[in-house]
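The following exchange works through the model in questions and answers. Each answer gives its reasoning and closes on the item asked for.

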Amino acid sequence: MYPHRGGPHSGRSEFSNGLFQQPLIPQCYDYNYQDMAGVNSFHTPGLNRLPTYKWIPPHPSSTAIPSHVPPMSSGRKRQHDQFSPQHTKRQRRDSFSPNGPPSIRSPPPHPLHHLDQGVADSLRSPLTGFDCLHPRPQLHFHPEGPVVTERPTSLRAFANDKLSIQMVEVFEACRQRPSDLERKERGRALLQQDIQHVFSARLFMTGSSMSGLGCRSSDADVCLVIKGKKKNDAIPVLAQLQRLFKKLSYIERPQLIRAKVPILRFKEKGSDLEFDLNVNNTVGIRNTFLLRSYADADLRIRPMILVIKKWAQYHQINDASKGTLSSYTLVLMILHYLQTLKEPVIPCLQRDYPECFNVTMDLDAVPDGSRQVPPYVSRNRSSLGELLLGFLRYYAQEFRWDSQVISVREAKALPKNNLNREWKDKFICVEEPFERNNVARAVHEEKKFNTIKSQFAESYRTLNNRKDLNSILPVKAIIAKESSGDKGFL
């Protein structure tokens, strides 16, 4: 973004105005928000004092990935409530049980391309805190979780087959870099300074940029919190901001979108970086830090979510404005699957640590609350490829769309017949963890619903037969598209 005192000069790149320096592209990144002291700060530090990220040099030699991961097993069951007297609870499934996610035969030891020790270290529970003054607590085991001796510190432990290696390659190429977040934060800081000439308000960064689940091409979602204003006051506020933004030299094309949650959409002048600004949609702040805590729980969460989002986008079932799944809905579906395996990959944070995610908690305390969650250690050692296959199979063959509701808040599928008609009449039901409404309500046409179900089934059959990510997603094209900054479909 450009300072509001002057716009870009003709013929200069978006990094040549002195505010941003074109970052060198290292082989690995320290993806750690502790260094971003100004993120979501009401008293924004001067831009010239914004801490920079520290590049971690890669280890001089790469290590071959292990060809086998020892199996774990348990007799726990998938936590589905009975939805009829005749229904019997189905067994939880795990990749190491006969009925679990299909195992993928490991190839001979194979170097994991683009994932040396430095990269592995940079992927270690990346969002470990909100600022450098509040480190995460020391590791201790989940009170009701499995007891294991150590927590994996590298994705190598979960990339022991061709499919898993492909997933890591897509993740490494497409994931948001620290420099991407820094650029968005500089924009948020500038916007807050200018908005405070009109409103006494605080501007929060939310969404996938802040949760760490975004791509390089992800938009920046921001929430303007104005005390004394309600969500239904958003349109007049956004209209006033639109007039203000038209006068700012570093913003172009501010557009007021009158959706269920109204937003002001605009772009950084001279670049493809897009912002979506809402007013007082504070649940977005709460669920951002909830998702960030889940992403911190296990190294596999971010690669799983990124690859599945790319898959859904490619097959055109990831666009709520067109009657399919929103990215938020898709993320909750992934977390639900990982919570309900026989050996869960992630815990149920709201159930196990309710004080950290209290819906009545003051917004200023929300980041602190999520920081109090201790690291989780899972006994599940399924590879990324096994989890991806299991996810597709779960929604293609096991989940009962007509009678069940996905609940990450309770880590189980709830019976739809216990809910009101608003839920019963929907094709897909996914509970918002805080407001407890249906975030999948955009899927209101049976044709779109059938398309979504068919895509899960077809992709599962194809991937299960070939064990090659290219069979359901053009890997090279996806990586090239992300590198070019193109946000359109292939």
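**Cores, strands and salt bridges**

In this predicted model, the largest nonpolar core has 76 residues, and those with the most contacts inside it are Met304, Leu338, Leu388, Tyr395 and Leu469.

Q: Which helices each supply at least two residues of this core?
A: The contributors of at least two residues each are spread along the chain, with residue ranges such as 283–297 for helix 6 and 475–484 for helix 14. The complete set is helix 2, helix 6, helix 7, helix 8, helix 11, helix 13 and helix 14.

Q: How many residues make up the other core that lies apart from it?
A: Phe199, Leu238, Ala239 and Phe266 are among the members of this other core. It lies apart from the core of 76 residues. Its size is 27 residues.

Q: Which residues does methionine 304 touch, leaving out those up to four places away in sequence?
A: Methionine 304 is one of the residues with the most contacts inside the largest core. Leu338 and Leu388, also named among those with the most contacts, are both touched by methionine 304. With neighbours up to four places away in sequence not counted, the list is Met167, Ile334, Leu338, Leu384, Leu387, Leu388 and Phe391.

Q: In which sense does strand 2 pair with strand 1, parallel or antiparallel?
A: Strand 1 covers residues 202–206 and is joined to strand 2 over five bridges. Leucine 203 stands opposite leucine 224 in strand 2. The sense of this pairing is antiparallel.

Q: Which residue of strand 5 is the bridge partner of alanine 220?
A: Strand 2 spans residues 220–225, and five of its six residues are buried. Five bridges join strand 2 to strand 5 (residues 274–279), and the two run parallel. The partner of alanine 220 in strand 5 is phenylalanine 275.

Q: Why are arginine 186 and glutamate 182 separated by about one helical turn?
A: The side chains of arginine 186 and glutamate 182 meet in a salt bridge at 3.1 Å, N to O, and both residues are buried. They are separated by about one turn because both belong to helix 3 (residues 178–195) and their spacing in sequence is four residues.

Q: Is aspartate 368 buried or partly exposed?
A: Aspartate 368 meets arginine 371 in a salt bridge of 1.8 Å, N to O. The two are three residues apart in helix 10 (residues 366–371), so about one helical turn separates them. Arginine 371 counts as buried at 3% relative accessibility. For aspartate 368 the value is 32%, so this residue counts as partly exposed.

Q: What is the relative accessible area of aspartate 296?
A: Aspartate 296 and arginine 302 form a salt bridge through their side chains, at 3.4 Å, N to O. Arginine 302 counts as buried because its relative accessibility is 4%. Aspartate 296 is buried too, and its relative accessible area is 4%.

Q: How many salt bridges does a search of the whole structure find?
A: Some of the charged residues form a network of salt bridges, which links Arg409, Glu410, Lys412 and Glu431. Counted over the whole structure, the total is 21.

Q: How far apart in space are threonine 153 and aspartate 298, C-alpha to C-alpha?
A: Threonine 153 lies in the loop between helix 1 (117–122) and helix 2 (162–174), and counts as partly exposed at 39% relative accessibility. Threonine 153 and aspartate 298 are 145 residues apart in sequence. Their C-alpha to C-alpha distance is 9.5 Å.

Methods: Residues are numbered from 1 along each chain as its sequence is written. This is a predicted model: local features need pLDDT of at least 70, side-chain atom pairs count only at pLDDT 80 or more; totals for chains, interfaces and linings use all residues. Side-chain values use heavy atoms; hydrogens and water are left out. A salt bridge is a side-chain nitrogen of Lys or Arg within 4 Å of a carboxyl oxygen of Asp or Glu. Buried means under 20% relative accessible area, exposed over 50%, partly exposed in between (1.4 Å probe, protein chains only). Two strands pair if DSSP finds at least two bridges between them. A nonpolar core is a set of buried Ala, Val, Leu, Ile, Met, Phe, Trp, Tyr and Cys residues joined through side-chain atoms within 4.5 Å. Contact means heavy atoms within 4.5 Å.
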